[in-house]
Amino acid sequence: MGLLSDPNRRRALIGMLTRLNAPICMICYMAGVAWFMGLAFEPFTLRTYMSENAMGSTMVEERFPAGERALATGREFAAHKKKTGGMPVDWLVRTMQARGLEVYTQRFSRKLPFPDEDKERYMVKGTNVYGILRAPRAPRTEALVLSAPCSPGNENNQAVGILLGLAQYFRSQIYWAKDIIFLVNEHDLIGMQAWLEGYHHTNTTGMDWSPLQGRGGSIQAALSLELSSDVVTSLDLVLEGLNGQLPNLDLANLFYAFCQKIGVLCTTQGKLPRNDWDTTSGYSHAVQTMMLMVLKQASSRPWGDHGLFLRYHIEAASIKGVNSFRPYKTDATTVGRLLEGMYRKLNNLLERLHQSYFFYLMPSLTRFVSIGYYMPAFGLLALILLLRALDLWVQLSSPPTRTTEDGVEVVPASPGVLSILTPLVISHLTGVALYTLPVLSQELAVEHFPVSETEAVVLTAIAIYTAGLALPHNTHRLLAGEGTEQGWKVLKLVAVLYLAVLLGCTALINFSLGFILALTLVPLAAFITPHVPKTLSAVVMVILSPGLTLLFAVFFFQELQETPVTLQEGWMLYLSVISQGILDHALYGSLLYPLAALLVYPCWLLFWNILFWK
Amino acid sequence: MAAPLALLLIVAVTIRAALFRTSLANLISERVEVVSPLNAWKRVVEGLALLDLDISPYSGDVFHETPMVIYLFHFLMDYAEITFMLADCLTAVALYLAVKDYNKQVFRKQKFALEADRIPMDCLELIRSPTEMYYIPLKVAMFYLLNPFTIVSCVAKCTCGCLIYGSALLSAIFLALATYQSIYPLTLCVPALLYLLQRLYIPVNVRRSSFWFYTLQYLFMFLGSLLVLICLSFFLLGSWDFLPAVYGFILSVPDLTPNIGLFWYFFAEMFDHFRLFFLCVFQINVFFYTLPLSIKLKEHPVFLIFMQIALIAIFKSYPTVGDLSLYMAFLPVWNHLYRFLRNIFLVSCVLLACSALFPVLWHLWIYAGSANSNFYYAITLLFSVAQILLVSDYFYAFLRREHHLTNGLYLKKKDGSEATLVLK
């Protein structure tokens, strides 16, 4: 407490912090970035290990024999799917019943706010079919879910085949202590959303679905299988769920442990774990894997059908079969054995997976970085904002007294509340417009311009975003007269603290999003004053604005996935990403769009305001 | 001054009425920061339902309000929203009048001191001018009514008590009412007494019989009205059920629902055989500081009231942001202390950040399931530390101003160099 009560030491410390403010901020920023890049360096990361006792020590033997028969079922499913031109509900019900499951169906329908051009859907109607295998060994209070999507075209037929094959095999085993629910969902996440809402009796997004007729116990874990070929070279684990939520790390550990045991190549982000961490290429490989995870998590959207389970405290992941040109192939029997092993271990769980980490980044499937290691990277960036705020506070609390010609000291008047409140209110109103208008005004736009609904929504959003740059600055002068030197300092103090709190909260919920926003917004918040060269700073500010950050992220993501795009394609991708973001918010309740429109963008506008302060 | 106050009341009522109409009202009334097991509206409704069925409302483990309140709401059930808005407005008007009255008194005292030349010459800049004091009552009312914390508690229909100071009897009755509601305002008895003594120019002197006479008279009024209230409750209800259900509940803290206070986590983690001891330690915190503070601040009862309300808000067993807003409403009264505050920037940053982090960490813990109670308690702890820093900072600033008023603003050391005041 000496620091808080001893005025001399305080003065010394504050003096140092204000004098060396700029260099300390620079050092913090570089240290933050360096720390973040260091996270992918293997000696700084931890090896993954199984924390859950119930899954660690027990041995299971996988005996699933019927891979070929499962593939045949898959082909049959494909034929029926083609015949009905959608989900072959009757066939699935019959087949599941023949395998001894309790089978139920759920119908759902949903009208999208505007047509989804990526997946070509607007009025969505579909049916989920699920069969419950009742646990013979225990009261039916807990359940596990295995799901496979019924996708349009020729995809994921093998996944449904293996699902049905496993159902038949699991039925003949007696060791199940949890109900196992086999779910075939139509229209990927929309069907999943309907099923989960029906299962848990909630309705958060105003979707139409028929209530479920049969239920198992509370769901402990879920896996979603995507498989489109008879043989696979590797299996890819997808963890990122809605709003950047991740399942417990033990689920990833479980997957990895069984891949090792059975001898299947396994990847995350499509990247194999490598051992040559001490070479440049090995390190850059780890960085790429981690950056892919960061970008996917920051996008706040579910990257597989498992993504919506996480909202209900259900640990879930998607397993995707990848068939590339490698010579070494894995057949369907092995994939079935892998799933059998995982379900038997999950069956042994005594409580939900909770022992291991929920906040982590993975530079490879065998390595992870926990929250304690990656938070300092963000903390260093956030520290800059606090230092700047302190600096401004010190400047404001000891106002420089100007001496006029008469030798009379004039203390500048403190700025009125209005001059601060006006930009705040106006930038937030712009944010509200950005949030509400695009979807509301689509009909109007379609009438007057030759565009489709989706284009109308996206282009309206971009138009409002751009119009916001012209609209609000210097509005305070209308109400409060001439802006003062003190005025912008107070506004900047408010804006900096606002940004710090905003980024801090974002980083807690979704570290990747918070870090990416901090990376671009913090330097801008640190250097913007009305006295820097206007044109140059305006260009820099626009480049660092949230909208363009998204554009860069799109290009960077494509680059990392090794599918680079041209400018033209990138732009089209950017437009579709925006429409997907808005749709994700409307359909599943992803928070990225409202966060960006209602909070981040207005905050950025405040800094824009400061730049053009007169 | 009446017109701005009326305008303020209208604005405040409009905001509340608008919020009652939105879906936010439901959301807010579920927040643990805003409602406590003592005052949640849901529980009042439950109590009313039990009462309607002729069952004692205390027979379950849900309802913990006092009998008077439940009978009050029994009649006002349909007008609950208006009642809450009215209560807020009344509290604000009462604060307004009280602070106005206090300002008048401060000014008079200052004038006497000036005329008697008791204030050193270089302290003139510490003297408070009437112009700067003119708006303080309004600011106090504004701070209370437009404080987001107050608004959310009103919308959540929290049943927090209110206080006013008028004549001796009235003050005793209101104090008894407040004590009856939640026992902690018992500590406000001392500052109220000091305030009244000061108004009647009775010096606080243990050897004077007038002092003792008045003290006993006041205590008699206070205890008498408390007794009347409790007996009235007994006759209304026909049983003593409410004593353990209300006061036992407050003192022994059986409900460990997370809130912004310090109790829940600590007592959830504790071994049972230490419970009683630590219960005493925690509860004594509220009452412990009354005596030393009253001795130190016997000349300044209103500041003492502020300190006491703040301490109650920090250390009580089921605190909510509504308690916070009450003492924060007093902050404008002390804005002449601003130049002596040292940590106000740090404290306000921490309070701001904590207010934003509460819902975020709650979401991560309860809905996302990825964080746990430790995260939430860390923020609670930080929030309490910030509040304590705030209060002690104001205390220090107040004492320092008083010191300067007697010893001059620019202190010199013995060797003539500029001296600094150090708190140790």
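This passage walks through the overall build of chain A, its salt bridges and a charged surface patch. The model is predicted, with local features needing pLDDT of at least 70 and side-chain atom pairs pLDDT 80 or more, while totals for chains, interfaces and linings use all residues. Residues are numbered from 1 along each chain as its sequence is written, chains are lettered from A and ligands numbered from 1 in the order written, and side-chain values use heavy atoms, without hydrogens or water.

Chain A has 22 helices and 14 strands (DSSP runs numbered from the N terminus: H or I of at least four residues, E of at least two). Buried residues make up 57% of its 614 residues (buried is under 20% relative accessible area, exposed over 50%, partly exposed in between, with a 1.4 Å probe and protein chains only).

Salt bridges (a Lys or Arg side-chain nitrogen within 4 Å of an Asp or Glu carboxyl oxygen) come to 16 over all chains. One of them pairs Lys261(A) with Glu62(A) at 2.9 Å, N to O. Lys261(A) sits in helix H9 and Glu62(A) in the loop between helices H4 and H5, so this pair ties together parts 199 residues apart in sequence. Lys261(A) is partly exposed at 45%, whereas Glu62(A) is buried at 12%.

Turning to the surface, Glu117(A), Asp118(A), Glu120(A), Glu443(A), Glu447(A), Glu453(A) and Glu455(A) form a negative patch (residues with over 30% relative accessible area and no salt bridge, like charges being joined within 9 Å). Helices H14 and H15 each supply at least two of the patch residues. Glu447(A), found in H14, is exposed at 64%.

Note on methods: Patch = residues over 30% accessible without salt bridge, like charges linked within 9 Å, V, L, I, M, F, W, Y side chains within 5 Å. Areas by Shrake-Rupley, 256 points an atom, 1.4 Å probe, with all protein chains shown as cover. Lys, Arg positive; Asp, Glu negative; His and termini not counted. Charge placed at Lys NZ, Arg CZ, Asp CG, Glu CD.
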